[in-house]
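Work through the exercises below with the sequence and the model in view. Try each task before reading its solution.

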Amino acid sequence: MTVTQDTTPVSHYERIGGAGSVKAAVELFYDKVLADPELAGYFTNVNMAEQRRHLALMMTVVLGGPDEYAGRGLAEAHQPLGIPVAHYVMVGEHLTATLAELGVPADVIDHVRTVLGQVQDQVVASGTGPDA
Ligand code: HEM
């Protein structure tokens, strides 16, 4: 055969449908967060259009798409907010529920869960964990 097989691994980002799918997920995710009375207060004075754009760019990187994220680091953006673990868990659940609702494959959701575990310490306020 003269055809060369393309063995380039397809990124999670491409598999779920690229920028449009990430944008849809971010929209639905923040709709859920803002509808949650435990969490909505964090975003009262936040420009949600910017917020959605930043999270979409960060999700794109997490899923193996192009890196165009130019916002603050996670610790810098979240440490001043004093977020307890319980709220972090709730936000993570809204995110994974959103992805499941949109039909994102289970292995991609597993990857997102892994990343959520990896970045927790940057987002959650130091000293508010269960051992504090
Ligand atoms: C892994 C989990 C999370 C990710 C990936 C994430 C991602 C982001 C990103 C990309 C920004 C924008 C940073 C910037 O504008 O420079 C941001 C800001 C923000 N995040 Fe998160 N976030 C996470 C968890 C949380 C949680 C658990 C809460 C609240 C319970 C939260 C509340 C906020 C708020 C209020 C801002 C705006 C801060 C400001 O404008 O001063 N985030 N987040």
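The exercises that follow concern a predicted model.

**Exercise 1. Check the length of helix H3 against the distance between its end C-alpha atoms.**

Solution. Helix H3 covers residues 48–62, which is 15 residues. The expected span of a helix is 1.5 Å times one less than its number of residues. For H3 this gives 21 Å. The end C-alpha atoms of H3 are 21 Å apart, so the two values agree.

**Exercise 2. Describe what lies at the two ends of H3.**

Solution. Start at the N-terminal end, which is capped by asparagine 47. A side-chain oxygen of asparagine 47 lies 3.1 Å from the backbone nitrogen of alanine 49. Then look past the helix: glycine 64 follows H3, and its phi is positive, near 90°.

**Exercise 3. List the buried residues of H3 and name helices that cover them.**

Solution. A residue counts as buried under 20% relative accessible area. In H3 the buried residues are Met48, Arg52, Leu55, Ala56, Leu57, Met59 and Thr60. The cover over these residues includes helix H1 (12–16), helix H2 (19–34) and helix H5 (85–101).

**Exercise 4. Find which members of the largest nonpolar core touch the most other members, and which elements supply the core.**

Solution. This core has 21 residues, and those touching the most other members are Val22, Val26, Tyr30, Met59 and Leu63. Two or more residues come from each of H1, H2, H3, H5 and helix H6 (106–123). H2 gives the largest share, 6 residues. There is also a second, separate core of 7 residues, with Leu74, Ile83, Tyr88 and Val123 among them.

Now take tyrosine 30 by itself. Leaving out residues up to four places away in sequence, tyrosine 30 touches Phe43, Met48, Gln51, Arg52 and Leu55.

**Exercise 5. Trace the salt bridges of arginine 52 and state whether each partner is buried, partly exposed or exposed.**

Solution. The model has 6 salt bridges in total. One of them joins glutamate 27 and arginine 52, with the closest N and O atoms 3.2 Å apart. Glutamate 27 is in helix H2 and arginine 52 in helix H3, so this pair ties together parts 25 residues apart in sequence.

Arginine 52 also pairs with aspartate 31, the closest N and O atoms being 3.7 Å apart. Since aspartate 31 is in helix H2 and arginine 52 in helix H3, the pair ties together parts 21 residues apart in sequence.

For accessibility, arginine 52 has 16% and therefore counts as buried. Glutamate 27, at 32%, counts as partly exposed, and so does aspartate 31, at 43%.

**Exercise 6. Explain how arginine 53 and glutamate 50 are placed along H3, then identify the salt-bridge network that contains Arg52.**

Solution. Arginine 53 and glutamate 50 form a salt bridge with the closest N and O atoms 3.3 Å apart. The two residues are 3 places apart in helix H3, so about one helical turn separates them. An α-helix has 3.6 residues a turn, so residues three or four places apart point the same way. Arginine 53, at 44% relative accessibility, counts as partly exposed. Glutamate 50, at 34%, counts as partly exposed as well. The network asked for consists of Glu27, Asp31 and Arg52, joined by salt bridges that share partners.

**Exercise 7. Which protein residue donates to the iron atom of the ligand, and where does that residue lie?**

Solution. The only protein donor is His78, through NE2, at 2.0 Å from the iron atom. Histidine 78 belongs to helix H4 (residues 74–78).

Technical notes. Residues numbered from 1 in each chain as written. Predicted model: local features only at pLDDT ≥ 70, side-chain atom pairs only at ≥ 80, totals over all residues. Heavy atoms only, no water. Helix = DSSP H or I, 4+ residues; strand = E, 2+ residues; numbered from the N terminus. Buried < 20%, exposed > 50% of the residue type's maximum accessible area, 1.4 Å probe, protein only. Contact = heavy atoms within 4.5 Å. Polar contact = N/O pair within 3.5 Å; in protein donor to acceptor, adjacent residues only side chain to side chain. Donors = N, O, S within 2.8 Å, 3.2 Å for Na, K, Ca; no water. Core = buried A, V, L, I, M, F, W, Y, C linked by side-chain atoms within 4.5 Å. Salt bridge = Lys/Arg side-chain N within 4 Å of Asp/Glu carboxyl O.
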